[in-house]
Structure formats: structure tokens, C-alpha cells
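Grab a pencil and work through these exercises with the model open beside you. Try each task before reading its solution.

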Amino acid sequence: AMEEPPNLNRELFDFAIFYASPEERPEAALVLQGDRIFPVCAPAVAAGLNHPDDLSQVALLQDQTWAGDWAQWSKSTGLALPNADSGPAYSLYSLALQQAIAGAGVLMGHEALVADALDQGSLICPFKDLSADSGRQLILVQPPRARRGSAHETILALLR
């Protein structure tokens with residue numbers, strides 16, 4: 001786990017998977033999917049959320065890297081969220097995700113990062129029709145063509 005994509009011209013990683021805005025995306029990166037965001041929480045927390053306005057009564061878990069997610073989601077969906085900037089903040093999204101699963105509050109879910117927990121039922125999306133585009137994309141950063149072997153090409157072919 002790294003905050004920024006490694007420079008694959010100098011570092012010996014085979015691939016790197018990161019979120020980036022279209023403007024930040026390296027030229028050779030392959031877009032895996034767009035980034036949809038939506039609230040997620042443990043089933044017990046979801047039981048108390050009957051309307052999006054109920055979010056003002058629960059802890060909104062914050063990821064420090066994506067600190068503006070709640071405000072962005074609120075703006076995109078047209079829902080007033082007075083506590084968008086409050087709530088416990090975590091330095092790693094994985095920590096915030098674990099706290100959401102434990103029932104500590106509601107987390108702004110990033111589709112690819114919460115998909116397994118949603119499939120397993122450890123998280124629920126209480127407002128299924130209220131998602132927003134984060135403006136980022138999940139990308140696969142590739143090493144320079146000269147460093148790619150047949151295994152790289154096989155993986156790339158599967159993703160295309």
C-alpha cells in the first residue's frame with residue numbers, strides 16, 4: 001500500500017493499481033473502472049437509517065485521503081448533510097472500512113473497495129439509488145513496454 005503510484009520506470013513492480021483523476025492518470029495506464037461512491041454501513045446501523053436525512057444522526061467515518069467524499073456525495077445527490085466534515089478520521093481507507101463493518105458509523109464506500117463486503121453482507125448500502133461519480137478512476141499502471149514480459153501481456157489481454 002502506497003499513497004502515490006510508484007514510478008515503474010525505476011521501481012521493479014509488475015503493475016500498480018491506484019485511483020486517479022483523468023488529469024492525473026499516466027498515459028500508459030489502463031482504466032479498470034470509474035469510481036462510484038455511496039454510503040455503506042453494518043446491517044445494524046442500516047436498520048436505523050430510513051431516510052438519507054438520518055445520516056445527520058450517525059457518525060460519518062472519514063478517510064483522510066478522500067476527505068471531501070461526504071461533501072462531494074452530498075452535493076452530487078442534492079442532499080443537505082450538515083455533518084459532512086465531522087466524524088472519526090482514519091489515515092487508511094482499510095481502517096475506516098473495518099470500523100464501518102464493526103458498526104462504528106457510516107462510511108463513504110468506493111464501489112471497488114467495498115464490493116466484497118457488500119457481497120458478503122457485512123456492509124449494506126442503505127440508499128441504493130444515491131450514488132455519485134467521484135471524478136476518479138481505478139487504473140492499472142503498467143511498466144514500460146521494454147520491461148514487460150509474456151506474463152504482463154497475458155494479464156493485460158485478460159483485462160481488455
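**Exercise 1. A buried or exposed pair?**

Are arginine 136 and aspartate 69 buried or exposed?

*Solution.* A word on the ground rules before we start. This is a predicted model, so local features need pLDDT of at least 70 and side-chain atom pairs count only at pLDDT 80 or more, while totals for chains, interfaces and linings use all residues. Residues are numbered from 1 along each chain as its sequence is written, and side-chain values use heavy atoms, with hydrogens and water left out.

Step 1: fix the terms. Buried means under 20% relative accessible area, exposed means over 50%, and partly exposed is in between (1.4 Å probe, protein chains only).

Step 2: apply them. Arginine 136 is buried, and aspartate 69 is buried too.

**Exercise 2. Follow the salt bridges**

Find how many salt bridges the chain has, and which residues a shared partner joins into a network.

*Solution.* Step 1: use the rule that a side-chain nitrogen of Lys or Arg must lie within 4 Å of a carboxyl oxygen of Asp or Glu. That gives three salt bridges.

Step 2: start with arginine 136 and aspartate 35, whose closest N and O atoms are 3.8 Å apart. Arginine 136 sits in strand S6 and aspartate 35 in strand S2, so this pair ties together parts that are 101 residues apart in sequence. Aspartate 35 is buried, as is arginine 136.

Step 3: look at the other partner of arginine 136. Its salt bridge with aspartate 69 has its closest N and O atoms 2.9 Å apart. Aspartate 69 belongs to helix H2 (residues 69–77) and arginine 136 to strand S6, so the parts tied together here are 67 residues apart in sequence.

Step 4: turn to glutamate 153 and arginine 148, which meet in a salt bridge at 3.9 Å, N to O. Glutamate 153 counts as partly exposed because its relative accessible area is 33%, whereas arginine 148 counts as buried because its value is 14%.

Step 5: join up what shares a partner. Asp35, Asp69 and Arg136 form one network.

**Exercise 3. Lay out the sheet**

What is the strand order of the open sheet, and which strands are at its edges?

*Solution.* Step 1: take stock of the elements. The protein chain has five helices and six strands, using DSSP runs numbered from the N terminus (helices are H or I, at least four residues; strands are E, at least two). Along the sequence they follow the pattern β-β-α-β-α-β-α-β-α-β-α.

Step 2: pair the strands, where a pair needs at least two DSSP bridges between them. Strand S1 (16–20) and strand S6 (residues 132–141) are antiparallel, with five bridges. Phenylalanine 18 stands opposite isoleucine 139 in that pairing. S6 also runs antiparallel to S2 (residues 30–40), this time over six bridges. Here isoleucine 37 has alanine 132 of S6 as its bridge partner.

Step 3: write the order. The six strands run S1-S6-S2-S5-S3-S4 in an open sheet with mixed pairing. The edges are S1 and strand S4 (89–90), each pairing on one side only.

Step 4: check the cover on S1. Four of its five residues are buried, so "mostly covered" fits, given the under 20% cut-off.

**Exercise 4. Read the surface**

Which residues make up the negative patch, and which make up the nonpolar one?

*Solution.* Step 1: state the patch rule. Patch residues have over 30% relative accessible area and no salt bridge; like charges are joined within 9 Å, and nonpolar side chains (Val, Leu, Ile, Met, Phe, Trp, Tyr) within 5 Å.

Step 2: find the charge. Glu3, Glu4, Glu23 and Glu24 gather in a patch of negative charge. Glutamate 3 lies in the segment before S1 and counts as exposed because its relative accessibility is 55%.

Step 3: find the nonpolar side chains. Ile17, Leu32, Ile155, Leu158 and Leu159 form a surface patch with about 470 Å² of accessible area together, computed by the Shrake-Rupley method with a 1.4 Å probe, where only the protein chains shown count as cover. Helix H5 (residues 150–159) supplies the largest share, three residues. Leucine 158 lies in that helix and is exposed because its relative accessibility is 69%.

Definitions and conventions: Lys and Arg count as positive and Asp and Glu as negative; His and the chain ends are not counted. The place of a charge is taken as NZ of Lys, CZ of Arg, CG of Asp or CD of Glu.
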